[in-house]
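Ready for a few exercises on a protein model? Have a go at each task before you read its solution.

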Amino acid sequence: MRTTWTPGPANAACANPLVSTGLFLVQALNGLQLGILLFLVAAGLTLVFGVMDFINLAHGVQYMLGAYLGAALAAATGSFWLGLLLALPAALVFGLLLEVLIFRHLYDRDHLSQVLATFGVILFLNQAVKAIWGAAPLQVPVPALLEGGVVLMPGLQYPLYRIAVLCAGIGTALGLWFLVERTRLGMLVRAGATNAPMVSALGVDIRRLFMLVFAFGAMLAGFAGVLAGPIFSVEPGMGDHVLILAFVVIVIGGIGSIRGAFIAALIVGLTDTLGKSLMPDLMRLFLDPSAARQTGAALASMLVYIAMAAILAFRPRGLFPARSG
């Protein structure tokens, strides 16, 4: 999907303030959309890390599997919406299988063992996806109901599907906030993230609680993958970069904090997208076009990590760490 843009001559982009405003608006919306997808991935990851102190590098493959399941089921049923509805429970069940067969045997191991084992899961599942669906990227068509665009300003349309992704992500975030902050299950999850041994001593089966959190987190990551299918190519390894950014999100937001994950995801999404879009142009103020393009691209790839370092310098536990008991 590409944003429809009809400003006239290409060299007018920098000189025309209206064009610059339009480009900035589009990239800002793209950044918010990336942030929403990152939140859906990071939400389950931060709760898993907070409740069980378990480092799951394989969480990114849940995003990839969701995208593949959504694409395969949409093709089989002939409907994107049926594919989405079927892919969510499928992602949840697959997450439960991984938890039962592999991850629960690693809870009492050290972090190095968890990192090595879950990295092995990444390698295995990436190869399994290639064996089942092939190495070529899959293209998922935009559902007919969400084709077309919304006029943001004269000459500029923004894809309706991307706006729907934003709305779906915000709605999911609100529902997750209500679940975590206003229900008994959410109270147990927050207590587990704060002091898991105490919650266990009070008679709560912390392992079963974690299994539920893990399965729900896997479904959220799969949901993000299904939503990303019509925007990005569905291909092996597509979850690796998302996983790195998701870890940045939970570090900035505060481990175990849903509110922190949401705000940090928007910060990371906007920083990454706007940095890649605007940094080469900013460098042209100081360097020739060729050097500015290379330097801008290099700096843009570092901006997210620079922002993380700057935030942690003032807030070592993140912006909104889980309340300690």
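Let's start with one residue: Asp-272 is buried, because its relative accessible area is 8%, and buried means under 20%, exposed over 50%, and partly exposed in between (1.4 Å probe, protein chains only). Keep in mind that this is a predicted model, where local features need pLDDT of at least 70, side-chain atom pairs count only at pLDDT 80 or more, and totals for chains, interfaces and linings use all residues. Residues are numbered from 1 along each chain as its sequence is written, and side-chain values use heavy atoms, with hydrogens and water left out.

**Exercise 1. Find the salt-bridge partner of Asp-272 and say how the two residues sit in their helix.**

Step 1: Recall the rule. A salt bridge is a side-chain nitrogen of Lys or Arg within 4 Å of a carboxyl oxygen of Asp or Glu. Side chains of opposite charge can pair when their charged atoms come close.

Step 2: Look for the partner. Asp-272 pairs with Lys-276, and their closest N and O atoms are 3.5 Å apart.

Step 3: Check the spacing. Asp-272 and Lys-276 are four residues apart in helix H9, so about one helical turn separates them. Helices (H or I, at least four residues) and strands (E, at least two) are DSSP runs, numbered from the N terminus.

Step 4: Compare the cover. Lys-276 is partly exposed, at 45% relative accessible area, while Asp-272 is buried.

**Exercise 2. How many salt bridges are there by this rule? Describe the one that Arg-104 makes.**

Step 1: The count comes to two salt bridges.

Step 2: Arg-104 meets Glu-99 through their side chains, at 3.1 Å from N to O.

Step 3: Glu-99 is buried because its relative accessible area is 1%. Arg-104, with 35%, is partly exposed.

**Exercise 3. Describe the largest pocket and what lines it.**

Step 1: Get the idea. Rolling a probe the size of a water molecule over the atoms shows where empty space is left. On a 1 Å grid over the protein atoms alone, a pocket is an open set of points with protein on both sides within 12 Å along at least five of seven lines, and lining residues have an atom within 4 Å of a point.

Step 2: Get the volume. The largest pocket holds about 390 Å³ of space, where volume means the space filled by probe spheres set on the points, which are joined across faces, edges and corners.

Step 3: Find the lining. There are 17 lining residues, and Gln-33, Leu-34, Phe-232, His-241 and Asp-272 are the closest to the pocket's centre.

Step 4: Sort the lining by helix. H1 (17–52), H8 (238–253) and H9 each supply at least two residues, and H1 gives the most, with five.

Step 5: Sort the lining by class. You'll get seven nonpolar, six polar and four charged residues. Here Ala, Val, Leu, Ile, Met, Phe, Trp, Tyr, Cys and Pro count as nonpolar, Asp, Glu, Lys and Arg as charged, and the others, Gly among them, as polar.

**Exercise 4. Is Phe-286 buried or exposed, and which surface patch does Phe-286 help to make?**

Step 1: Place Phe-286 in the loop between helix H9 (258–283) and helix H10 (289–314).

Step 2: Phe-286 counts as exposed because its relative accessibility is 65%.

Step 3: Phe-286 joins Phe-24, Leu-278, Leu-282, Leu-285 and Leu-287 in a nonpolar patch of about 610 Å².

**Exercise 5. Which helix holds Val-242, and how far apart are Val-242 and Val-41 in space?**

Step 1: Val-242 sits in helix H8.

Step 2: Val-242 counts as buried, since its relative accessibility is 12%.

Step 3: Val-242 and Val-41 are 201 residues apart in sequence, and their C-alpha atoms are 8.0 Å apart in space.

Note on methods. Patch = residues over 30% accessible without salt bridge, like charges linked within 9 Å, V, L, I, M, F, W, Y side chains within 5 Å. Areas by Shrake-Rupley, 256 points an atom, 1.4 Å probe, with all protein chains shown as cover. 1 Å grid on protein atoms, 1.4 Å probe; cavity = no way out; pocket = protein on both sides within 12 Å on 5 of 7 lines; lining within 4 Å.
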